[in-house]
Amino acid sequence: MTDPRFPESADSAPAPRRTRAGAVIVGPTVRARYTPGALIGLPLVSLLLSPFAGAGIQEWRRSRLRAGQDGLLEQLLDPAWVQLLFGALLLWALFALWALVPLLLTQRVVLLDEEQGSVVLRKGLRIIQREPLSSVDHAVGEAERGGMALIGIRGPGGAGQPVQQWVIPEVGWDAASFDGLRTLQGAAGLRHSPPRAELQRESRRARRARSHRELAERLGMPWREEYEHDDAAFQAEFDRVRRVLGGKEPAQDGDPQP
């Protein structure tokens with residue numbers, strides 16, 4: 001039965017990332033997590049710190065000149081703006097390497113091999129555990145960045161055995177990462193989660209509704225179920241009640257008293 005909150009979920013097939021061998025990747029890849037920071041965040045940090053790197057390059061150039069070295073590189077680094085540019089590029093390369101190495105060593109994902117009917121927990125470049133697909137007891141996750149997925153693995157005895165939890169961080173990093181979890185749910189015979197975009201829209205709607213409830217409670221304004229999904233109706237009634245409380249409009253039945 002389709003959840004009325006997610007009308008598009010029944011027609012939205014998952015589109016997960018896959019390995020070269022065709023295995024579904026549950027969770028974000030190193031490339032998916034690394035690229036935004038390497039191309040946006042780290043260059044900004046490098047530009048902010050470029051004066052320090054430029055000063056170091058300038059001192060290095062002076063020491064080379066004092067030693068009698070005046071080659072093409074020393075002449076190229078003569079302008080101050082070139083020193084700043086080279087400093088920023090060097091910092092960018094250094095920070096990018098520092099960010100990549102720990103990510104390669106600590107990234108946790110689950111690989112679903114649909115042909116062999118198996119799931120593999122991988123950390124970094126190592127395979128931690130391999131289990132048959134039939135041992136998956138549950139698979140749930142959060143669609144927001146910073147959220148995680150919990151994949152339950154039953155013991156070899158089947159039902160009634162203790163369930164081990166595989167924790168996959170950042171499963172809601174992007175749509176493809178979350179679609180890997182949705183694909184695993186379908187392969188394991190579990191209930192599909194709605195697409196990430198729909199879950200995020202519902203989460204934003206729920207946050208707005210909570211905020212509107214708090215505003216209504218402060219004014220003593222009666223809450224109606226239609227306000228859960230109709231922001232315009234709430235705002236219109238909220239503005240009217242404020243005018244009533246401000247003495248600019250006559251009160252109606254059920255309105256709070258000024």
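Select Gln164 and Gln129 together and display their side chains: in this predicted model, the side chain of Gln164 makes a polar contact with the side chain of Gln129, at 2.9 Å. Gln164 sits in strand 7, which covers residues 163–169. Keep Gln164 selected and add Ile151, Gly152 and Ile153, since these residues, together with Gln129, are what Gln164 touches once residues up to four places away in sequence are set aside. If you then draw a distance from the C-alpha of Gln164 to the C-alpha of Leu150, you should read 9.7 Å, for a pair that is 14 residues apart in sequence. Is Gln164 buried or exposed? With a relative accessible area of 36%, Gln164 is partly exposed, because that value falls between the 20% limit for buried and the 50% limit for exposed.

Next, go to helix 1, residues 30–66, and pick out Ser50 within it. Show the side chain of Ser50 and the backbone of Leu47, and you will find that the side chain reaches the backbone oxygen of Leu47 at 2.7 Å. Now add Leu84, Ala88 and Leu91, which are in contact with Ser50 when its neighbours within four places in sequence are left aside. Ser50 has a relative accessible area of 8% and is buried, because the cut-off for that class is under 20%.

From there, move to the loop between helix 4 (175–187) and helix 5 (196–219), and select Ser193. Which residues does Ser193 contact, leaving aside its neighbours within four places in sequence? They are Phe178, Arg182 and Gln185, so colouring these three by residue makes the surroundings of Ser193 easy to follow. Although Ser193 lies in a loop, this serine counts as buried, at 16% relative accessibility.

Finally, zoom out and switch to a cartoon view of the protein. The secondary structure comes to six helices and seven strands, and tracing the chain along its sequence gives the pattern β-α-α-α-β-β-β-β-β-β-α-α-α. Turn the C-alpha trace along its principal axes, where it spans about 90 × 65 × 30 Å. The radius of gyration is 28 Å, whereas a compact globule of 258 residues would have one near 18 Å. Buried residues account for 36% of the 258 residues, and a surface view displays about 15,500 Å² of exposed area, of which carbon and sulfur atoms supply 57%. As a last step, colour by charge: the mean positions of the 33 positive and 31 negative charges are 7 Å apart.

Note on methods. Residues are numbered from 1 along each chain as its sequence is written. This is a predicted model: local features need pLDDT of at least 70, side-chain atom pairs count only at pLDDT 80 or more; totals for chains, interfaces and linings use all residues. Side-chain values use heavy atoms; hydrogens and water are left out. Helices (H or I, at least four residues) and strands (E, at least two) are DSSP runs, numbered from the N terminus. The radius of gyration is taken over C-alpha atoms; the globule rule is 2.2 Å times the number of residues to the power 0.38. Buried means under 20% relative accessible area, exposed over 50%, partly exposed in between (1.4 Å probe, protein chains only). Accessible areas come from the Shrake-Rupley method with a 1.4 Å probe; for residues, only the protein chains shown count as cover. Lys and Arg count as positive and Asp and Glu as negative; His and the chain ends are not counted. The place of a charge is taken as NZ of Lys, CZ of Arg, CG of Asp or CD of Glu. A polar contact is a pair of N or O atoms within 3.5 Å; within protein, one must be able to donate a hydrogen and the other to accept it, and residues adjacent in sequence count only if both atoms are side-chain atoms. Contact means heavy atoms within 4.5 Å.
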